[in-house]
Amino acid sequence: MSSVEQQFGQAGFESVPHAPPSRVRIQTGPLAEAGPSSGRRELAVEAVFDVREVSVHYGAKRALQGVNMRIPRSRITALIGPSGCGKSTFIRSLNRMNDSVTGFKLDGEVLYHGHDLYAGNVDEVEVRRRIGMVFQKPNPFPKSIYDNVAWAPRNLGLRHGLDERVEQALRGAALWDEVKDRLKASALGLSGGQQQRLCIARAIAIEPDVLLLDEPASALDPIATASIEELMHSLKGRFTIVIVTHNMQQAARVADETAFFGLNAAGGEPVGTLIEHDHTEKIFGHPADPRTRDYVSGRFG
Amino acid sequence: MNEQPAFDPAAPLTPTGNLRRRRAISRVAESGATLAAVLAVGVLAIVVYSVLVHGASALSLDFLFKGEPDGIGPALVGTAEIVAMATVFAVPLGVLVAVYLVEFGGGRMATPIRTTLDVMNGYPSIIVGLFVFALIVEPTESQSGIAASVALAIIMLPIVARGTEEVLRLVPDSMREASDALGVSRWRSVLTVILPSAVGGIATATILAVARAAGETAPLLLITSVFDGSHVSLNPFEAVPNIPVTIYKLSEEANPEGFARAWGAGFVLLAFIMVANIGARVLLNRSRRKMAG
């Protein structure tokens, strides 16, 4: 952690004189210009999120500064970077899960299909109904497997064809074959990997527009991780997926686009910000920013 | 630096240095604590023993089922009625107070409410009796079972609320996060996820409150004491026979037989309270295990 801060502090921004730290560069083609560009680039596909100059404070503490980012529809976008650089804060700001954190304050705009998520007339419950989230630690309800998946549809009034909906969701989460004979058994009896897939099934049962995954595999063993990654490939296209991960190989394997978050020490106290956002091959192959290059090549350990 | 080693590693492993003294102090402290625990349990055992010895001789089927002067049947039924009504008043209210404190209140109101509940829990029950007497008995000019159950509900409320609050806090925050992230409003989460996983603890708090209310005597003396204990009277709008006041009356009687029956009634009450407490404990353990998965 401290070595990361140090490194970023030393790297500074002198080395990239024309690139302000918060600028987002989204390349539209594989051979798009590689040098730092000052303008916002249009995406090839429609953007689901258009994040504009977002900064987050928790009380007096700054957690995130000056993030600009467009997240494309029906793609998987991975957020990578060292601990404490605001990835979780950022992803939780996309469906207002931070609202309940005391002292949380967001400046800037998070546009979701053109609507400001933080506008006064926006209901956060409706936001989360469209933008689902799966957490680091599997958190199934202490109910049966079936009731875990059926719970949200029931409460949202989607009672029609509930059995089919539950089956579809469990199939979608690649869990159906393992649990179809014990749907009435407690979800707490499942293994960690199964519980996490159940949480994904629970999230997709209400057919959200976006699925946010906050380090979904970090508490799982490699085999369960592999099944989660496989699952993400199968969900791609149906949902827009944003995933936070510490595992760079995982980002390289599953994501269409990758955003690298780091610490910006320019303004004194280091604060998390978006360093670079591009196609995954570009981020891992030819990153434009030296800090990204250092991170993906493992020079920060 | 040429420091002397603190001990010789090759010496036999018997106490060295001040360990002997420390061991002695430790033994004194330990036996003091043990003695205190034995004393506390001993007092309880003596109470239970004397109630058992004195009360058992009065026990018989007639004693349990017949009315005065042979038995305490109507008082048993009456106490059950009053306590049941009090439970109906106190449990929903107490659970709602706890839900407010844990799920919605959070802010500046939580501390004063919690303090109020703790103060309520410590009220002398005679004051609750006076309050309800002035509130209901005086205006209606009659003692009543319903007034008694209001008084008992006031006594039960803080126990239910604080007990429920404790178990609601045991429900992990990840449950709330999970339901929030599914776009379901918090109120529905409370009803369908949070309260069901805390139901064992709520039942425990309720049983403890019932056990406490069943033995409360002071308010009942003011509110439902002028009754005819010879037959069952279920009308809640008049004075209802009940165990605590019956015990009080019997023990005031001049003849020694009344005193024996007071012991018998006390035995019945004590047995109920002990069974209720043990049941509450079993329930709580079961729900803890369920929460742990």
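At which residue does helix 3 of chain B bend by about 30°? Keep that in mind and start in chain B; note that the model is predicted.

**Stop 1: the helix in chain B**

Select residues 73-105 of chain B, which form helix 3. The bend of about 30° is at B:Val99. Next, look at the two ends of the helix. Its 33 residues should span 48 Å at 1.5 Å a residue, and the end C-alpha atoms are 45 Å apart, which agrees.

**Stop 2: where the chains meet**

Show both chains. Here 20 residues of chain A are in contact with 17 residues of chain B. To find the chain A side, select helix 3 (124-130), strand 6 (131-134), helix 4 (145-155) and helix 7 (192-204) of chain A, the elements that each give two or more residues to it. Helix 3 of chain A provides the largest share, four residues. Colour the chain A side by residue type: 12 of its residues are nonpolar, three are polar and five are charged.

**Stop 3: a strand and its neighbours in chain A**

Now select residues 257-264 of chain A, which make up strand 9. Is this strand largely enclosed or open? Eight of its eight residues are buried, so strand 9 is largely enclosed by the rest of the structure.

Add strand 3 (residues 76-80) of chain A, which runs parallel to strand 9 and is joined to it by four bridges. To locate one pairing, pick A:Thr77, whose bridge partner in strand 9 is A:Glu257.

Then add strand 10 (residues 271-279) of chain A. Strands 9 and 10 run antiparallel and are joined by eight bridges. Pick A:Asn264 here; its bridge partner in strand 10 is A:Val271.

Conventions
Residues are numbered from 1 along each chain as its sequence is written. Chains are lettered from A and ligands numbered from 1 in the order in which they are written. This is a predicted model: local features need pLDDT of at least 70, side-chain atom pairs count only at pLDDT 80 or more; totals for chains, interfaces and linings use all residues. Two residues are in contact if their C-beta atoms, placed from the backbone, lie within 7 Å. Ala, Val, Leu, Ile, Met, Phe, Trp, Tyr, Cys and Pro count as nonpolar, Asp, Glu, Lys and Arg as charged, and the others, Gly among them, as polar. A residue is buried if 20 or more other C-beta atoms lie within 10 Å of its own, exposed if 12 or fewer, and partly exposed in between; C-beta atoms are placed from the backbone. Two strands pair if DSSP finds at least two bridges between them. The expected span of a helix is 1.5 Å times one less than its number of residues. The bend at a residue is the angle between axes fitted to the seven residues ending there and the seven starting there.
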